[in-house]
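This report describes the strand pairing, the nonpolar core and two individual sites of one protein chain. The sequence and the structure are shown first.

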Amino acid sequence: MWLFSAWTWHRPRWKRDGWNQSKLHRRIRSLNSIDRRFRRGKPMKIREETISGGCQCGAVRYHSEKIFDNAHICHCRMCQKAVGNLFAALVAAPNDALQWTRGSPDVFQSSDQGERGFCSLCGTPLFYRGKNSGRTNLTIGSLDNPQRVEPHRQEGVESRIPWFSRLTAITDEAATGADGDGEWARSITATNRQHPDHDTDGWP
Ligand SMILES: [Zn+2]
Ligand SMILES: [Zn+2]
């Protein structure tokens with residue numbers, strides 16, 4: 001009897017209460033989502049930092065004097081599709097600070113909760129904007145200086161590609177243009193129609 005009591009005592013409470021594993025996981029998930037809602041409710045820091053960027057063809061350009069401290073990557077399936085990639089890397093500008101300095105993006109309403117902006121001429125994905133969020137999450141790859149904005153959070157992890165964590169360990173091949181006689185790379189450079197990584201007076 002004593003042995004039985006000791007054994008009972010040492011069992012975790014969720015087991016003593018007759019909880020099974022899936023009930024426990026449901027509870028953990030619901031606590032996580034409460035925690036997420038709490039964090040989402042907190043005001044995000046805004047940094048005074050000038051950013052600019054745009055699409056590949058240069059028809060759409062943007063500029064902001066402020067960005068949120070929310071640089072992140074999102075693995076959700078909708079972001080994967082919207083950017084045609086394994087994840088979306090995003091950083092937000094306040095809507096009232098963001099200026100479209102050339103052209104304007106086209107928008108796809110991807111759900112009742114948000115929309116996705118892109119250049120309709122060249123297809124570059126430019127942003128995700130949540131309804132009533134007051135901010136526009138710009139694609140970090142479309143910034144003129146993407147290296148300056150380092151993501152510090154992962155979201156949408158339910159759809160993270162299983163081999164994502166192994167990507168940095170795969171073999172480094174050569175830099176662009178190192179193959180063959182360089183003719184191919186020279187031709188790309190000579191005929192490059194991509195807008196440069198800074199504002200221009202006119203393009204092309
Ligand atoms: Zn474009
Ligand atoms: Zn997402």
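Strands S1, S2 and S5 form an open sheet of 3 strands, in the order S1-S2-S5 and with antiparallel pairing. Strands, like helices, are DSSP runs numbered from the N terminus (E, at least two residues, for strands; H or I, at least four residues, for helices), and two strands pair if DSSP finds at least two bridges between them. S1 and S5 (99-102) stand at the edges with a single partner strand each, so one side of each is left without a neighbour in the sheet. From one strand to the next, the twist averages 20°; the angle is taken between N-to-C directions of axes, which are lines fitted to C-alpha atoms (for helices over the stretch in contact), and runs from 0 to 180 degrees.

The model is predicted: local features need pLDDT of at least 70 and side-chain atom pairs count only at pLDDT 80 or more, while totals for chains, interfaces and linings use all residues. Residues are numbered from 1 along each chain as its sequence is written, and chains are lettered from A and ligands numbered from 1 in the order in which they are written.

Within the sheet of 3 strands, S1 (residues 46-54) and S2 (residues 61-68) are joined by 7 bridges in the antiparallel sense, and Ile46 lies opposite Phe68 in S2. The two strands make a hairpin with 6 residues between them, and Gly58 in its turn has a positive phi of about 90°. S2 also pairs with S5 in the antiparallel sense, over 3 bridges; here Gln99 in S5 is the bridge partner of His63.

A second open sheet has 7 strands in the order S6-S7-S8-S9-S4-S3-S10, with mixed pairing. Its edge strands are S6 (106-111) and S10 (154-155), each of which pairs on one side only. The following table lists antiparallel pairs of this sheet.

| Strand pair | Bridges | Opposed residues |
|---|---|---|
| S6 and S7 (residues 114-118) | 4 bridges | Ser111 and Gly114 |
| S3 and S4 | 3 bridges | Ile73 and Ala89 |
| S4 and S9 | 5 bridges | Ala93 and Thr136 |

In a regular strand the side chains alternate between the two faces of the sheet.

The protein has 5 helices and 10 strands. Of its 204 residues, 21% are buried, a residue being buried if 20 or more other C-beta atoms lie within 10 Å of its own, exposed if 12 or fewer do, and partly exposed in between, with C-beta atoms placed from the backbone. Among contacts with a separation of 6 or more, 60% link residues 24 or more positions apart; a contact requires C-beta atoms, placed from the backbone, within 7 Å.

The largest nonpolar core has 26 residues, and those with the most contacts inside it are Cys79, Ala88, Leu90, Leu126 and Leu138. S2, S3 (72-74), helix H4 (77-83), S4 (88-94) and S8 each supply at least two residues of this core, and S4 gives the most, with 6 residues. Such a core is a set of buried Ala, Val, Leu, Ile, Met, Phe, Trp, Tyr and Cys residues joined through C-beta atoms within 7 Å. In soluble globular proteins, nonpolar side chains tend to be buried together.

S4 is largely enclosed by the rest of the structure, because 6 of its 7 residues are buried. Leu90 touches His72, Cys74, Tyr128, Asn137, Leu138, Thr139 and Ile140, when residues up to four places away in sequence are not counted.

Two sites illustrate approaches between parts of the chain that are separated in sequence. Gly134 is found in the loop between S8 (125-130) and S9 (135-139). Gly134 is exposed, because 12 other C-beta atoms lie within 10 Å. With residues up to four places away in sequence left out, Gly134 touches Pro94 and Asn95. Gly134 and Ala93 are 41 residues apart in sequence, and their C-alpha atoms are 8.8 Å apart.

The second site, Glu155, belongs to S10, an edge strand of the sheet of 7 strands. Glu155 is partly exposed, because 18 other C-beta atoms lie within 10 Å. Apart from neighbours within four places in sequence, Glu155 is in contact with His72, Cys74 and Cys76. A span of 80 residues separates Glu155 from His75 in sequence, whereas in space they are 6.1 Å apart, C-alpha to C-alpha.

Key. Two residues are in contact if their C-beta atoms, placed from the backbone, lie within 7 Å.
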